[in-house]
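Me: I've got a model open and I'd like to learn how to read its features. Can we go through it together?

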Amino acid sequence: MAAVTSAADDDFFDDEVAPGAVTNGLLWQAEVSRPRVPAPPVGDPSWNRKRLLDYHSEFVTLKTPFMEQALTQLRLTLLVNNRQRGTARRGLIVSGPPGAGKSTTLAELGRSFELSERRRLGGREGYMPVAFASIPPTCTPKSLVQVLARFAGIPVHERMTENAITNAVCHVLCERRTRLVFFDDVHLLNTRTRPGADTSDQVKTLAERVPATFVLAGVDVEHSPLLAGPRGAQLAARCKILRTPPLLNGTPVQKAAWRELLEGMDGALRLARHRPGTLVRHADYIHLLTGGVMSSLSLLVREAAIRSIVDESHAVTKKLLLQVVLDVQATNAARATRRQRKGGLAT
């Protein structure tokens, strides 16, 4: 079979792959410093094929009702902890199913706080208001503080002991006035195993030694081993859980919130022949496809937009949305919903 090629083949290759900002403190601060301004209108001459592809690959972050709720809870928790002299500071746990936007929520919370601290501190150098760590698989106490050390730019070599790295991390976070520490993927911590229990203890140690508010996020944390046993009970006693569910589309209020989100995404598209309001017109169909899961919705809209650039139609349509192959979770959920509807009609 002959290979199929086109001018679009070059679109698969890009030397400027975006790094993960939350793995490195300097990248994080650069990302926060990047102003968020609306993209130029569709007719702007600066748009070319590559810029269109890059823009719709990154696209925009839209605030959901849950993000607003989480931001309110974070502000209240920071105020509660502001003059806390003991070590048992309050914390937050962001929990939900895969793809519900937990990591995005953490990044938005961190960005909002970092910007507020920059304004409060008047641009003074040397401060690091926010620190991030993603729990690595088979996490140990040493590997956890190594992740934090990399974010903070602390040189670490393999011969350094866990205690030495922990001391260095605590010293730097205190010295640089870190007031907010995020741990993502905490569902990977199994307190029923020795490494998981020891790492849970390490989280507790850090929370006691660093005068910061700790925010944890993971998949269905309330049902995970993290909160099991005496160690889990101690953590549960210090944290409140914020559950981030998929967006629903049943009641009038839910429908309004879903359509408001789609309207924002529709308005952010920069496609020359796109009909404004298309996503809102197909709101029920899009919810069927994605189940209201943020990661699935983001993939659907971004890939449909990119497909339209590649095939030069420059418009997102229902037909184009149908061509997008979504993740397994969304596909299975959509099939189950269709079966339920057919069963209901049959009865």
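**Reading the sheet and its neighbours**

Reply: Sure, starting with the sheet: five strands make an open sheet in the order 2-3-4-1-5, with parallel pairing. The model is predicted, so local features need pLDDT of at least 70 and side-chain atom pairs pLDDT 80 or more, while totals for chains, interfaces and linings use all residues. Residues are numbered from 1 along each chain as its sequence is written, and side-chain values use heavy atoms, without hydrogens and water.

Me: Which are the edge strands?

Reply: Strands of a sheet pair through backbone hydrogen bonds, either parallel or antiparallel. Pairing takes at least two DSSP bridges between two strands; strands are DSSP E runs of at least two residues, helices H or I runs of at least four, both numbered from the N terminus. Here strand 2 (130–134) and strand 5 (239–243) are the edges, each pairing on one side only.

Me: How many bridges join strand 1 and strand 4?

Reply: Five, in the parallel sense, between residues 91–96 and 213–219. Ile93 has Leu216 of strand 4 as its bridge partner.

Me: Is Leu320 buried or exposed?

Reply: Buried means under 20% relative accessible area, exposed over 50%, and partly exposed in between (1.4 Å probe, protein chains only). Leu320 has 5%, so Leu320 is buried. You'll find Leu320 in helix 13 (residues 318–323).

Me: What does Leu320 touch?

Reply: Contact means heavy atoms within 4.5 Å. Leaving out residues up to four places away in sequence, Leu320 touches Ala304, Arg307, Ser308, Asp311 and Ala315. Leu300 is 20 residues from Leu320 in sequence, and their C-alpha atoms are 9.7 Å apart.
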